[in-house]
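Please take me through this structure stop by stop, telling me what to select in the viewer and what I should find at each selection.

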2 protein chains.
Amino acid sequence: MARGKNPERTRARILDAAKRLFLTKGYDGTTMQDIVDGLGDLSKGAVYYHFRSKEAILDALGDEDHERQSPAAILDDPTLTGLEKIRTTFRANADDLEHMQLMGIAYPTLRDPKLLAANLDAWRTTVADMFHTLILQGIDDGSIATSYPREAAELLALLTNYWLVPTFYPATEDELRHRVSCLASICAGLGVPVFDDDLIDRVARAYATLGADDGNTADTAERKEPR
Amino acid sequence: MARGKNPERTRARILDAAKRLFLTKGYDGTTMQDIVDGLGDLSKGAVYYHFRSKEAILDALGDEDHERQSPAAILDDPTLTGLEKIRTTFRANADDLEHMQLMGIAYPTLRDPKLLAANLDAWRTTVADMFHTLILQGIDDGSIATSYPREAAELLALLTNYWLVPTFYPATEDELRHRVSCLASICAGLGVPVFDDDLIDRVARAYATLGADDGNTADTAERKEPR
């Protein structure tokens, strides 16, 4: 009924309602009808007018998250060295509760092989390229000294987005701390000492919130909810 | 016509013919009819009697390869330390031309997201478990001293099966040598010094034969053929 009156506000309300439901009922456990019901005053048609599917809502939440985090502000900060930019990116991600909540919704959807393949592709290319740029900046400004700039970039992208994530490699928080320590030692060994003790702790705690996922049942996200 | 007379021999002939075609025309460029034509004296029905699909043939080639390589012989060899068993496994793989040829056929099929997801799953579990067992043996026999046995096992499985592979991360042979050197340095840093200079060279040369794959077109394998 209110369709078109304030489309930006309606869109934002749908995203908020959907996110709240994804967090309480799980992404798999939430239907478009649940989102309509949660809003109360919008028809199903009005919701579909803004988002053609639940996947489109999750995509939009991801875009919103990406903008809000605004890595551009970090990447273009002239007061930071290349190494500090990488550190700041990880710290900003780990400390951003809303970002980690969204990751907690998004990662279980990577049980879908097509989504997983698309993400692996992005980690191999866009994300690795971003780290590569920062590592080259770090070599230039003297904050990084490595013989393996491209390799370190690819490994940072792959290991922090895939190997550290308990959705794929189940782990308790203590096991995660050990895993991040291992990554810290690898990065330092390669001359890209991104993770100090403080960052190891922040990253381990943040990733622990993502939880494990056995990947075998459609209702895993729901079953995990009561914790 | 000869169906049932000597099924094992027929099966082996089909596998040989299919492998030869996969190597010359590419896996995507080969049809079941090509395999029937290549054999000459078997009906299509006779071939389908043994293998329900081209994928089933590739699976059987993989099983055959796995048996022929007989990692059990390495894993159970009482004269080898844990570290030597890991080294011997990599050396045996790298030096086995037939194995690398089969990998060259199999890797491009991982453009299929479902096959990729299934392989990632195996690398995370079965393959990582195998390395974990050998690393624990190595700790026991004194050939390995690491604080990260599980992490090193997971990384060996993931990085040698995925990151080193130019199908995913395109690279020239020189770039591959640099990448394997990077992995060698990581493993040594973790206390699991698997790769010496000789093994770095063997592994780089072997992986270079796998070639790159842009993953975007169905006929990539065919287009690469003329090289």
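Begin by selecting helix 7 of chain A, residues 97-109 (helices, H or I with at least four residues, and strands, E with at least two, are DSSP runs numbered from the N terminus). The expected span of a helix is 1.5 Å times one less than its number of residues, so the 13 residues of helix 7 should cover 18 Å, and the 19 Å between its end C-alpha atoms agrees with that. This is a predicted model, in which local features need pLDDT of at least 70, side-chain atom pairs count only at pLDDT 80 or more, and totals for chains, interfaces and linings use all residues. Residues are numbered from 1 along each chain as its sequence is written, chains are lettered from A and ligands numbered from 1 in the order in which they are written, and side-chain values use heavy atoms, with hydrogens and water left out.

Staying on helix 7 of chain A, colour its buried residues, which are A:His99, A:Met100, A:Leu102, A:Ile105, A:Tyr107, A:Pro108 and A:Thr109; buried means under 20% relative accessible area, exposed over 50%, and partly exposed in between, with a 1.4 Å probe and protein chains only. At the N-terminal end of this helix, A:Asp96 acts as a cap, with a side-chain oxygen 3.1 Å from the backbone nitrogen of A:Glu98.

Zoom out to chain A, which has twelve helices and zero strands, and in which buried residues make up 48% of the 227 residues.

Next, select A:Phe195. Together with A:Leu158, B:Leu158 and B:Phe195, A:Phe195 touches the most other members of the largest nonpolar core, which has 96 residues (a nonpolar core is a set of buried Ala, Val, Leu, Ile, Met, Phe, Trp, Tyr and Cys residues joined through side-chain atoms within 4.5 Å). Leaving aside residues up to four places away in sequence, A:Phe195 touches several residues, including A:Phe90, A:Leu156, A:Ile200 and A:Cys187, where contact means heavy atoms within 4.5 Å.

How many disulfides does a search of the whole structure find? Over all chains there are zero, a disulfide being a pair of cysteine sulfur atoms within 2.5 Å. A:Cys187 is in none, and the nearest cysteine sulfur, that of A:Cys182, lies 9.6 Å away; at 6% relative accessibility, A:Cys187 counts as buried.

Move to helix 10 of chain B, residues 173-189, whose 17 residues reach 24 Å from first C-alpha to last, close to the 24 Å expected. Its buried residues include B:Leu176, B:Arg179 and B:Cys182, the last with a relative accessible area of 0%. The cover over the buried residues of this helix includes helix 9 and helix 10 of chain A, together with helix 9 and helix 11 of chain B. After helix 10 of chain B comes B:Gly191, whose phi is positive, near 90°.

Within the same helix, select B:Glu175, which is partly exposed, with a relative accessible area of 44%. Its side chain reaches the backbone nitrogen of B:Thr172 at 2.8 Å, and, not counting residues up to four places away in sequence, B:Glu175 touches A:Glu151 and B:Pro170.

Finally, display both chains: a rotation of 180° with 0.0 Å of shift along its axis superposes chain B on chain A, with an RMSD of 0.1 Å, using least squares on the C-alpha atoms of residues with pLDDT of at least 70 in both. That is the relation of a two-fold axis. In chain B, the C-alpha nearest the axis belongs to B:Pro113, 2.6 Å from it.

Note on methods: Polar contact = N/O pair within 3.5 Å; in protein donor to acceptor, adjacent residues only side chain to side chain.
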